[in-house]
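Hello,

Here is the structure I said I would pass on. My notes on it follow below.

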Amino acid sequence: MIGVIATLKIQPGKAEEFETLFREMMAKVKANEGGCLAYQLTKGRAEPDTYKVLELYANSAAHEAHGQSAHFREMAPRLGAFLAAMPEIEVLDGVQ
């Protein structure tokens, strides 16, 4: 199992637009990626313009497929337009 925590800092005043677009991304992941067990956008309480995407994949192949999917390649630049900084990506290995 592979876990990912992606920290996204959004430009001030762009939260509503970002969340709307990210909901579209979540729906596409759910509809097209059977190996993605969880893909959830969360919002920081202390820093309202900071979001964390919590991702859980069945295996490395499912994680790689996510990054190569047509919907990811199409949505990433659109979502990137809202970023105030480069995303911070942490990849985790599941413990069994």
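**The largest pocket**

The largest pocket holds about 370 Å³ of space. Please keep in mind that this is a predicted model. The pocket has a lining of 20 residues, and those nearest its centre are L8, Y39, F72, P87 and I89. Two or more lining residues come from each of these elements: β1 (2-9), α1, β3 (50-57), α2 (60-68) and α3. The biggest share is that of α3, which supplies 5 residues to the lining. By type, the lining of the largest pocket consists of 15 nonpolar residues, 4 polar ones and 1 charged one.

**Salt bridges**

There are 7 salt bridges in the count. I describe some of them here.

One of them joins the side chains of R23 and E19, with an N to O distance of 3.6 Å. Both residues sit in helix α1 (residues 15-32), where 4 residues, about one turn of the helix, lie between one position and the other. Is E19 buried or exposed? With a relative accessible area of 18%, E19 is buried, because the cut-off for that class is under 20%. R23, on the other hand, is partly exposed at 48% relative accessibility.

Another salt bridge is formed by the side chains of K28 and E74, at 3.3 Å from N to O. K28 belongs to helix α1 and E74 to helix α3 (residues 70-80), so this pair ties together parts that are 46 residues apart in sequence. Both partners fall in the partly exposed class: K28 has a relative accessibility of 25%, and E74 has one of 33%.

E74 also meets R78 in a salt bridge, and here the N to O distance between the side chains is 2.7 Å. E74 and R78 are 4 residues apart in helix α3, so about one helical turn separates them. R78 is partly exposed as well, with a relative accessible area of 36%. Which residues are joined into one network by salt bridges that share partners? They are E24, K28, E74 and R78.

**H71**

H71 is another residue of helix α3. Its relative accessible area is 11%, so H71 is classed as buried. The side chain of H71 makes a polar contact of 3.2 Å with the side chain of S69. Which residues does H71 touch, leaving aside those up to four places away in sequence? H71 touches M25, K28, V29, N32 and E33. K28 therefore appears twice in these notes: as a residue touched by H71, and as the α1 partner of E74 in the salt bridge that ties α1 to α3.

**E47**

Last, a residue in a loop. E47 is found between β2 (36-43) and β3, in the loop that links the two. At 45% relative accessibility, E47 counts as partly exposed. How far apart are the C-alpha atoms of E47 and A27? The separation is 25 Å, for two residues that are 20 residues apart along the chain.

**Where to look when you open the file**

For the pocket, start from L8, Y39, F72, P87 and I89, which lie nearest its centre. For the salt bridges, start from E74, whose side chain meets those of K28 and R78. For H71, begin with its polar contact to S69.

Regards

Conventions: Residues are numbered from 1 along each chain as its sequence is written. This is a predicted model: local features need pLDDT of at least 70, side-chain atom pairs count only at pLDDT 80 or more; totals for chains, interfaces and linings use all residues. Side-chain values use heavy atoms; hydrogens and water are left out. A salt bridge is a side-chain nitrogen of Lys or Arg within 4 Å of a carboxyl oxygen of Asp or Glu. Buried means under 20% relative accessible area, exposed over 50%, partly exposed in between (1.4 Å probe, protein chains only). A polar contact is a pair of N or O atoms within 3.5 Å; within protein, one must be able to donate a hydrogen and the other to accept it, and residues adjacent in sequence count only if both atoms are side-chain atoms. Contact means heavy atoms within 4.5 Å. On a 1 Å grid over the protein atoms alone, a cavity is a set of points where a 1.4 Å probe fits but cannot get out, and a pocket is an open set with protein on both sides within 12 Å along at least five of seven lines; lining residues have an atom within 4 Å of a point. Grid points are joined across faces, edges and corners, and a volume is the space filled by probe spheres set on the points. Ala, Val, Leu, Ile, Met, Phe, Trp, Tyr, Cys and Pro count as nonpolar, Asp, Glu, Lys and Arg as charged, and the others, Gly among them, as polar.
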